[in-house]
Structures are given as structure tokens and as C-alpha cells.
Amino acid sequence: MSFQIALRKKASALTALVTAAAIALTPFSAAHAQAKGPPVLRDTETEQLLREYTRPILRAAGLEKQNIQMVILNDSSFNAFVADGRRIFVNYGAILQSETPNQIIGVLAHETGHLAGGHLSKLREQLAAAQTQMIIAMLLGAGAIAAGSTQRSSAGNNGLANAGAAAISAPQEVIRRSLLSYQRQQEENADRAGVKFLTATQQSPKGMYETFKRFTSESLFAARGADPYLQSHPMPAERVAALQDFASSSPYWNKKDDPALQLRHDMVRAKISAFMERPETVYRRYPLSNDSMPARYARAISTYLHGDLRSALTQIDALIQVQPNNPYFYEVRGQALLESGKPAEAIPALRKAVALSNNSPLIEMLLGQALVGTDNKAYTDDAVRILRAAVAREPEAVLGYSQLAMAYGRKGDYAEADLASAQAAYLRGDNKTARELATRAKTRFAVGTPGWVKADDIVAAKPPRN
């Protein structure tokens, strides 16, 4: 399912705050904290590559068994961050702008440093302590203001009231600087931990250094005249200099990426460009004079996205001839046909993609959508089987449940159709519709059956707090 957009539920206020522990030189934009959460991009090829990038690093950090997930955000800026101790968030722009695998791997190593250091939980402790200090300061200051007000009314003296106001503002500023200083130290520690993990996995830390250095000039311009004690990240020049000092001592400093891995990285960057950028931008990046596989991949995808299905299929088939066992070429072929209103023709390519991808659940959902889209009842049981297997491994995928609901409806199994529709609505954040559908589903299931229990869970679920 090539770059389909999903919606995550809204993160808590604390999660939004701690996203300042980001690799980018500007924090995660609050504009993404929409009512239903930041838009998430799902793509099997890209996610698989990121998992392969992070697996050895997580192993070196002792986090291999923590089931850390990679989440790609629909944002073109260069950013990556951790927010909940379970996931590493990466903007698609960070992947697109990383010219080598080592550069994005360095970013992921830094974020793993935050996870391994327990920085989120420690930051929560610091925030809790700061909140307590602020409350005490405000109470003391408010008491002084009240006392000053009483004295002023009787003696015309407002000195104590002014002192009370100062007692409120001064501690808050000290506490804020203390928190920022603590966060800067976390960033420095994450840099060092990232280099340690890269060295332990015999990878170069040069990519991390190159990435940080690339943004130094514009960050220095933005930070010119800034108070270094008010920065949540170390001042760029100091940070890059410190990073170079200890990273360049790695015995793997000059180690190059494997050419096969570089090709896979370039293919993913080409796919991201094709799906996320305007066609003229894609053709500037990958002109017709460029006959490389990534360039041909980008142009084929862009061609189908902008209406020329016949030409796109010709280009995709030429790619398949070069790499007949590449599941993602068949996936793109199937998606192009499906989105062009030809679901029956999409089925063979998507079946091949599922088989070659070791039954990727996202591609299974796309196949299920094609089977349902044919309106051929002979495919209904197959669609239900495939979609049930897919949502069992991807339980937060809205597409899987919505297509499953349609398949069950075609079978006349309205209890399961209502339940699947309720699950899709719940994942979209539409709790009202989810409860209504789940309530109806309960009336169709026998009391106490697995379907009835699942429906009852949705009815009883409380919306997540903001």
C-alpha cells in the first residue's frame, strides 16, 4: 500500500511537550497536533528499510525486545523524534533529504540514544518537579501580593505587592532555564550514545555528523544573537564541533555504505519523491536522461499518479523485467490499476506482491480492497480471509477494517460488518459513530461471544484525553 495516509489519535499534552527531544534544529511543529493526530504515511517498502536500519542499533542499545516501532509522518521538513518510549517518528522529509543510508541511520542512532537513556521518563520527572516549584513560587508570590494589597489599602505602600509579583516571575524564569539546560544535556548524551551504537555495529558515525553539519549554517543564522541558555538544543556550532571530536575517533569513520543498500535507499527516496512531490519536481530530480533504476521508479509512479496508466504500466513492466522478484514493483502495478478503476486486473499483480513480500499486511489490505472492488461474490470469502489475517497483524489500520466490513456485508454477515465498521470508526477517532455501530453489532451477536465482547469493549471505551 504505497504511501497511504492514516490518522493517529491525538497525543497527550505531555507527549506534545517532550517532542522537543528531536534531532532537527527546530521542534516538532504543534500544527500537526490536529484533532485526530498527525497524518501518518504507511508504506511497506519504506518501513521495511527503516526497520533494517534500526534493528542492529536497537540490539546494541539493549532495546531489541522492546518492539520499538518506526512511524513515518507526512511532513516534508527534516525531523525525527521520540515521544512515548515505544516509537521513533521520522518525517518523510528526513528520508528524502538523507543522501546516504548512513545519514538517516545516524539520525536513528541519535533517537535510539534518547530511548536508551530513558530521557522521556526523566524529562517527565523534571517537568513534574518544575511544576511543583512553580506552584510553590506562585503561592508564595500570591501571598505577598495579597499582603501588600492589604498594607497598601491601609498605609499606601505597594512595595510588598511588587515584591510578590517578582517572587512569581523570577522563579519561573530560573526553572525554565534549568529545564532547557537539562534538555540540552540530553541532546549531547544522545549524540554520544548514537556514536557508541554505530561503532558497536561497525557503522560509520560520519553520516550523523554530516547531517548535523548540513544544518549548521542556517541554524547559526537563525540563532544569531540568541541567548545560549534559552536553547533547548546545544548551540549548533558547539554541538557539531563536539560531535566531530568524538565521532571522528571511530575506527569506522570512513566506512562506506554497501552499494546494494545504497540502491535500496535511493529507490525509497525515489518513491517518496514520486508520491509526495509535484510532477515537475519529480522530473527535475529524475530527468529522462537519468536511466538509473531509482529514476525510472520515480517516473513510473509519477506517470500513473497523474493519469497516464498505459505509459505507467509499460514503465513498471520494464522495471519488473530487471528485478522480477521485487514485490514493490508488483505492488505499484496493482495499485495503479486499482486506483484507475480496474480492480480485477490489479489482483494478479497484488497476489504476486503479497507472496514476494512474505504476506505483508499492508499489501494484503490492498489485495483485499481489489477483491472487494470487483463486486464478484466469488472473491468474497478470499477477501475476508486475507483481510482478517492483515488486521490481525496491523490492528490499527483503518483501511483493513473498512474493507473487511464491505466484504462481510457482501456475505450477508451483518454482525461482523457492523463490528468491522465500528472498529474502523474508532480508529479514525469517530467515537460517536463507533459506539453506535458497536451497539448495533451487540444486538446481532450472541451474548458472550467473541464478537459481542469486542463490540462491548468499543461501546465502553472512553475517548482518549487530550
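# Helix packing and ring pairs: a chat

Student: Where do I start with the helices?
Tutor: Try helix 4 (residues 101-116) and helix 7 (residues 206-214): their axes come within 7 Å and cross at roughly 90 degrees. Axes are lines fitted to C-alpha atoms, for helices over the stretch in contact, and angles run from 0 to 180 degrees between N-to-C directions. Helices here are DSSP runs of H or I with at least four residues, numbered from the N terminus.

Student: What do you call that arrangement of helix 4 and helix 7?
Tutor: Helix 4 and helix 7 are roughly perpendicular to each other, a label for angles of 65 to 115 degrees, while over 145 counts as roughly antiparallel.

Student: Which residues make the contact?
Tutor: From helix 4, N102, Q103, G106, V107, A109 and H110; from helix 7, K206, G207, M208, E210, T211, F212 and R214. Contact means heavy atoms within 4.5 Å.

Student: Hang on, what kind of model is this?
Tutor: This is a predicted model, where local features need pLDDT of at least 70, side-chain atom pairs count only at pLDDT 80 or more, and totals for chains, interfaces and linings use all residues. Residues are numbered from 1 along each chain as its sequence is written, and side-chain values use heavy atoms, with hydrogens and water left out.

Student: OK. How do helix 17 and helix 18 pack?
Tutor: Helix 17 (residues 380-393) and helix 18 (residues 398-411) pack at about 150 degrees, with axes 9 Å apart. That makes helix 17 and helix 18 roughly antiparallel to each other.

Student: New topic: how many aromatic pairs are there?
Tutor: A search of the whole structure finds four. Rings of Phe, Tyr and Trp (its six-membered ring) pair if their centres lie within 6.5 Å; planes under 30 degrees apart count as stacked, over 60 as edge-to-face and the rest as tilted. One of the pairs is F81 with F89, stacked at 5.0 Å centre to centre and 10 degrees between the planes.

Student: Are F81 and F89 buried or exposed?
Tutor: Both F81 and F89 are buried, meaning under 20% relative accessible area, with exposed over 50% and partly exposed in between (1.4 Å probe, protein chains only).

Student: And why is the pair of F275 and Y304 edge-to-face?
Tutor: Their ring centres are 6.4 Å apart and the planes sit at 75 degrees, so the pair is edge-to-face. F275 lies in helix 10 (residues 259-276) and Y304 in helix 12 (residues 293-305), 29 residues apart. F275 is buried at 17% relative accessible area, and Y304 is buried at 6%.

Student: What does R296 touch?
Tutor: R296, found in helix 12, touches D291, Q315, A318, L319 and V322, not counting residues up to four places away in sequence.

How values were computed: Helix = DSSP H or I, 4+ residues; strand = E, 2+ residues; numbered from the N terminus. Parallel < 35°, antiparallel > 145°, perpendicular 65-115°, else oblique.
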